[in-house]
Every structure is written in structure tokens, then in C-alpha cells.
Amino acid sequence: FAPSRMLLWVANQQHLYFGSFVLAVPIFCMLIEFIGIRSKEEDPVMSAKYDRLAHDLMKVSLTAYSWTAILGGVLLFTFITLFPGFFKYMAGIFRPVMHVYALMFLAESGVLYVYYYGWDKLDRRTHVTVGWIYFISAWASLFIINGIITFMLTSGGWLENQEFWTGFFNPTFWPSVFIRSFAGFGIAGMF
């Protein structure tokens with residue numbers, strides 16, 4: 001029994017590390033790219049360096065995104081195979097947002113690749129807009145999964161009324177969204 005919990009913990013923790021990194025690095029890339037755009041007239045050489053730096057950071061982010069997706073798959077597989085009753089129970093409670101979460105993941109994936117591979121093909125304004133769309137979809141994924149994760153810690157009033165929104169916006173939901181968002185920026189900032 002202990003090895004299955006350890007496997008779940010390792011998959012979850014590694015997915016969280018890479019996921020936090022992938023959430024925040026594109027914000028740094030967009031900020032660096034924006035600085036490069038703003039400084040193009042004053043210092044074209046520095047502007048080109050900022051652009052290269054942002055593009056190189058996105059290469060790292062793409063690799064981390066792949067690892068995040070792989071670890072997310074391992075995490076899902078671990079839940080389904082080692083704890084099928086628990087997964088069925090949670091899927092029953094959070095059915096309204098599970099499909100939305102999957103759609104946010106697909107949107108995040110598609111927009112991330114458009115952002116990276118459209119680097120020199122899109123005009124700068126459109127490119128930065130695509131970056132913001134990526135960040136919003138990535139943060140929406142964090143927001144949705146946070147409701148499920150924090151429910152496992154503190155179900156709050158859900159035990160009394162068993163309403164979906166009571167379980168989703170449980171007592172630790174907002175503090176956790178805040179902490180996970182800023183911790184992601186901190187983890188990305190360390191790199």
C-alpha cells in the first residue's frame with residue numbers, strides 16, 4: 001500500500017514542479033519580448049538580444065511542458081490504476097469541470113506551439129496577444145485543478161449540502177490559488 005502512495009506522491013510532486021515552471025516562464029518571456037519591442041527604436045541591438053533571450057526561454061518551456069504533460073499522464077494513470085474507487089468518486093463530484101479542464105489543456109497546448117513557432121512569422125502585437133491567450137488558458141487550468149485538489153484537503157460545506165460549487169470553492173481554494181500562482185512565478189524566476 002505504501003509504494004502506491006509513494007508513486008502517486010512522486011508523480012504529483014514532479015508534475016507540480018514542472019507545471020509551476022510552465023505556467024510562469026511564458027509570462028517572463030512575454031515581458032522580455034515586450035521590453036525588446038519597446039526598446040527597438042532606442043537600442044536595436046539590445047532589442048534583438050531581448051528577443052533571442054525570450055525565444056530561448058520558450059525552448060526551455062516547451063521541454064518542460066512536454067515533461068509536465070508526461071507526468072500528468074503518469075499521475076492520471078496512477079490515480080486510475082492504483083486508486084480507481086477514489087478516482088471514480090472524485091470524477092463523480094467534479095464531472096462539470098473535468099471536460100473544461102481537458103479543453104483548457106488542449107487550448108494551452110495549441111496556443112503554446114503557435115506562440116513558439118509563430119515567433120518570427122506573426123507580427124509582434126499578434127504574437128504578444130497569443131502569449132497572453134496562452135497564459136490565460138494555462139492559468140485557467142491551474143484554477144480548475146486547484147478546486148479539485150483543495151477539495152481533497154478541505155471539503156468545507158460540501159459534506160452538508162453536496163453542491164458542486166460548495167465543493168469547488170472550498171475554504172482553501174482562494175489561498176491556494178494565490179499561493180500556487182505566485183509560487184509558480186518564484187520557481188520560474190529562479191531559473
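These notebook entries record what I looked up in a predicted model of one protein.

**Entry 1. Overall make-up**

I began with the secondary structure and found eight helices and zero strands. Read along the sequence, the pattern is accordingly α-α-α-α-α-α-α-α. I then took the extent of the C-alpha trace, which spans about 60 × 35 × 25 Å along its principal axes. The chain of the protein holds 191 residues, and buried residues make up 41% of them. I also looked up how far along the sequence the contacts reach. Among contacts between residues at least 6 apart in sequence, 74% join residues at least 24 apart.

**Entry 2. Helix 2 against helix 4**

I record a helix pair in two numbers, since two packed helices are described by the angle between their axes and the distance between the axes. For helix 2 (residues 44-82) and helix 4 (residues 95-117), the axes come within 11 Å and cross at roughly 155°. An angle over 145 degrees counts as roughly antiparallel, so I noted helix 2 and helix 4 as roughly antiparallel to each other. Their crossing is left-handed.

Next I listed the residues that meet. Helix 2 contributes H55, M58, K59, L62, Y65, S66 and A69, and helix 4 contributes F105, E108, S109, L112, Y113, Y115 and Y116. Sorted by class, this contact comprises nine nonpolar, three polar and two charged residues.

**Entry 3. Helix 4 against helix 5**

I repeated the procedure for helix 4 and helix 5, whose axes come within 8 Å and cross at roughly 155°. That angle makes helix 4 roughly antiparallel to helix 5. Here too I noted the handedness: the crossing of helix 4 and helix 5 is left-handed.

On the helix 4 side, the residues in this contact are V97, V100, Y101, M104, F105, A107, E108, V111, L112, V114 and Y115. On the helix 5 side they are H127, V130, G131, I133, Y134, S137, A138, A140, S141, I144, I145 and I148. The class count for the contact of helix 4 with helix 5 is 18 nonpolar, four polar and one charged.

**Entry 4. Nonpolar cores**

I turned to the cores with a general expectation in mind: in soluble globular proteins, nonpolar side chains tend to be buried together. Which residues have the most contacts inside the largest nonpolar core? They are C29, M58, L112, Y115 and Y134, in a core of 24 residues. Helix 1 (2-38), helix 2, helix 4 and helix 5 each supply at least two residues of this core. Helix 1 gives the most, with eight residues.

I followed L112 further. Not counting residues up to four places away in sequence, L112 touches M58, L62, Y65 and Y134. Apart from the core of 24 lies another, of 13 residues, which includes F143, F151, F168 and F173.

**Entry 5. A138 in helix 5**

I placed A138 in helix 5 (residues 124-153). Is A138 buried or exposed? The relative accessible area of A138 is 5%, which lies under the 20% limit, so A138 is buried. Leaving aside neighbours within four places in sequence, A138 is in contact with L23 and E108. I also took one distance: A138 and L106 are 32 residues apart in sequence and 9.9 Å apart in space, C-alpha to C-alpha.

**Entry 6. Two loop residues**

S155 sits in the loop between helix 5 and helix 6. Its relative accessibility is 18%, so S155 counts as buried. Beyond residues up to four places away in sequence, S155 touches T166, G167, N170 and P171.

Q162 lies in the loop between helix 6 (158-161) and helix 7 (164-168). With a relative accessible area of 54%, Q162 is exposed. I checked its backbone, bearing in mind that most residues other than glycine have a negative phi. Q162 has a positive phi of about 50°, although it is not a glycine.

**Entry 7. G189 in helix 8**

My last residue was G189, located in helix 8 (residues 173-190). G189 counts as partly exposed at 47% relative accessibility. How far apart are the C-alpha atoms of G189 and Y113? They are separated by 22 Å, with these positions 76 residues apart along the chain as the sequence separation.

Note on methods:
Residues numbered from 1 in each chain as written. Predicted model: local features only at pLDDT ≥ 70, side-chain atom pairs only at ≥ 80, totals over all residues. Heavy atoms only, no water. Helix = DSSP H or I, 4+ residues; strand = E, 2+ residues; numbered from the N terminus. Buried < 20%, exposed > 50% of the residue type's maximum accessible area, 1.4 Å probe, protein only. Contact = heavy atoms within 4.5 Å. Axes fitted to C-alpha atoms, helices over the stretch in contact; angles between N-to-C directions. Parallel < 35°, antiparallel > 145°, perpendicular 65-115°, else oblique. Left-handed = near helix turned anticlockwise from the far one by under 90°. Nonpolar A, V, L, I, M, F, W, Y, C, P; charged D, E, K, R; others polar. Core = buried A, V, L, I, M, F, W, Y, C linked by side-chain atoms within 4.5 Å.
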